[in-house]
Amino acid sequence: MSEIPDKADKSARPILIAANRTCVNIKPLGSGNYEYGSASGGLVTALNALKDSTKLLWYGNPGKNVPSADLEKVEEEIRAKGAVPVWIDAHLMDLYYNKFSNGVLWPILHYHTDAMNVDDRAWDAYQKVNRQFAQKIAEDVEDDDMVWIHDYHLMLVPQMLREEIGDKKKNIKIGFFLHTPFPSSYMFIRLPYAKTILEGLLNCDLIGFHTYDYVGHFLSSCSKILHMTTTPNGVQFVKDGVKKSVHVGAFPIGIDPEGLRKGMKSKEVIERIQEYRSSYYKNKKVIISVDRLDYIKGLPHKLHAFDMFLQQYPEEVGKVVLVQVAVPSREDVPEYNELKAQLNQLCGLINSKYASPGYTPVEFMYRSVDKNTLLSLYGMSDICLVTSIRDGMNLVSYEYIACHEQTHGQLVISEFAGAAHSLKGCITINPWDASNCIDGIKKALEMDPEQKEKNWKKMFKYVSKYTSAYWGQTFAEELARIGPGYSLPRNPELEPNVNAVNGHSPSMLDDDSEESAMGAM
């Protein structure tokens, strides 16, 4: 992680950022020495844009424990790089992260209650870790500070931080952003800890979600579970005899389209695309799918629909290829290993039915891919197919659009992905309806060039305007605006450029966001 840029006012107080993982990686070198580097991931990249105008101090788990004798030294060295470690022992981490965050919250937030495994020990661990974060932040917070807390791992921190601060500090503004969907109140009420979690979040001044649908679900939960008064943009209630108001809004996250466009012009990417098109995929239509291996991505639904597509349109056999990149995820969780085995079986069945010399209908790539390989796969394909059964945003779709300035590839995307509501010009499908998926694929394959270009321009205009940098700046400015005490400097470079579709796009970050293939996946 680089030092704070000169453009930021180094005398100003930083925005305090809290997330499960910190923005600095630790590499032990032996003899009590350590090497530090910038962590990967879309959230780190998105928030880096704020550093041009604002200092950040990032609280998170480094992912590595160090000997107790080195703790003070390591914390001092990490703080110099703009981060504060929150140390969590391995057993507690397993309960808090694997058993509760990903074993309870992740499933219910994605409407997958069958995978939810409620365990009071895990809930206790979740509370303990959230308290650790709150205590660590409280050590540093000063009057008029802004604290921005991220994602479902830390939903209790807002309330616990208020408790830790008490009356010692004044005018502390707390923001929270959820990077997943928020489910309907009918679904969320099934969580035994729903009331406690909602109360924890309502200690914020500003709560942000990707879409207005998620905002509506959250407000409905506050109304039906907590019996609170809600407005279209907030929650009102009385606490300790004082009227409180929490602002709630939609802040759709984005990517760095300019960085991807530059990457597409690199010699290596251009040569790879030409190689793919002249050999492996010569005279073929290519459907690309890039997903983290997760049950929310609808991968079996996709393969089933593609099987039926080839069965319904036998003339397309030998001409259409599905390239599925499945990035490994949570390999120590049995459900994910079972999903991998299921996908291998489905791919084998499809290929056994339709393969011929020189033609493999489904190419299943279970591995991470480097940036240039990914850009090449995006660039050489004709269609991007997203079949998520529930997805907070899905920024793979944004990345794909940014990579098709010349060829205008088409996006076929599940209506249950947040991005489907933003990208006018995409072809929306219901992944639960195989016939609907087949129709979407066929429509994209047969679309005339003029309509392709028209659709692409609509989508690219949005992707170019609502970038990851714009997201970070907008949320921070809104949090600063609520009440007196904190003034966030504006960064003119982050103003959205609505003319980007005409070839002028702002220079933003080097990567993208949390659900993208470049970041967390």
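User: What is the relative accessible area of R79, and how do I read it?

Analyst: Under 20% relative accessible area is called buried, over 50% exposed, and in between partly exposed (1.4 Å probe, protein chains only). R79 has 30%, so it is partly exposed. Keep in mind that this is a predicted model, where local features need pLDDT of at least 70 and side-chain atom pairs count only at pLDDT 80 or more, while totals for chains, interfaces and linings use all residues. Residues are numbered from 1 along each chain as its sequence is written, and side-chain values use heavy atoms, with hydrogens and water left out.

User: Which residue does R79 meet in a salt bridge?

Analyst: The general idea first: side chains of opposite charge can pair when their charged atoms come close. The rule for a salt bridge is a side-chain nitrogen of Lys or Arg within 4 Å of a carboxyl oxygen of Asp or Glu. Here R79 pairs with D140, at 2.9 Å from N to O. D140 sits in helix α4 (residues 120–140) and R79 in helix α2 (residues 71–79), so the bridge ties together parts 61 residues apart in sequence. Helices are DSSP runs of H or I, at least four residues, and strands are runs of E, at least two, both numbered from the N terminus. D140 itself is buried, at 16%.

User: Which residues are linked with D140 and R79 in a network?

Analyst: E75, K136 and E139 join those two in a network of salt bridges. Across the whole structure, a search finds 26 salt bridges.

User: Which other pairs could I look at?

Analyst: Try E163 and R131, whose side chains meet at 2.8 Å, N to O. E163 lies in helix α5 (residues 157–165) and R131 in helix α4, so this pair ties together parts 32 residues apart. Then there's D307 with K353, whose closest N and O atoms are 2.9 Å apart. That one links helix α11 (residues 299–312) to helix α12 (residues 334–354), 46 residues apart. D307 is buried at 16%, whereas K353 is partly exposed at 48%.

User: How far is K452 from the nearest side chain of opposite charge?

Analyst: For charge, Lys and Arg count as positive and Asp and Glu as negative; His and the chain ends are not counted. K452, in helix α16 (residues 449–465), is buried yet has no salt bridge: the nearest opposite charge, D382, is 5.5 Å away. Leaving out residues up to four places away in sequence, K452 touches H408, Q410, A444 and M447. Contact means heavy atoms within 4.5 Å.

User: Which residues of α5 are buried, and where do they pack?

Analyst: The buried ones are V157, P158, M160, L161 and I165. They cover an arc of only 165° around the axis, so they are on the same side of α5; the arc is that of the directions from the helix axis to the C-beta atoms. They pack against α4, β6 (146–150), β7 (173–177) and α7 (194–201). Just after α5 comes G166, with a positive phi near 60°.

User: How many disulfides are there, and why?

Analyst: A disulfide is a covalent bond between the sulfur atoms of two cysteines. The cut-off is a pair of cysteine sulfur atoms within 2.5 Å. This structure holds zero. Take C222: the closest cysteine sulfur, in C204, is 11 Å from its own, too far for a bond. For C347 the closest is in C437, 16 Å away, also too far for a bond. C222 is buried at 0%, and C347 is buried at 6%.
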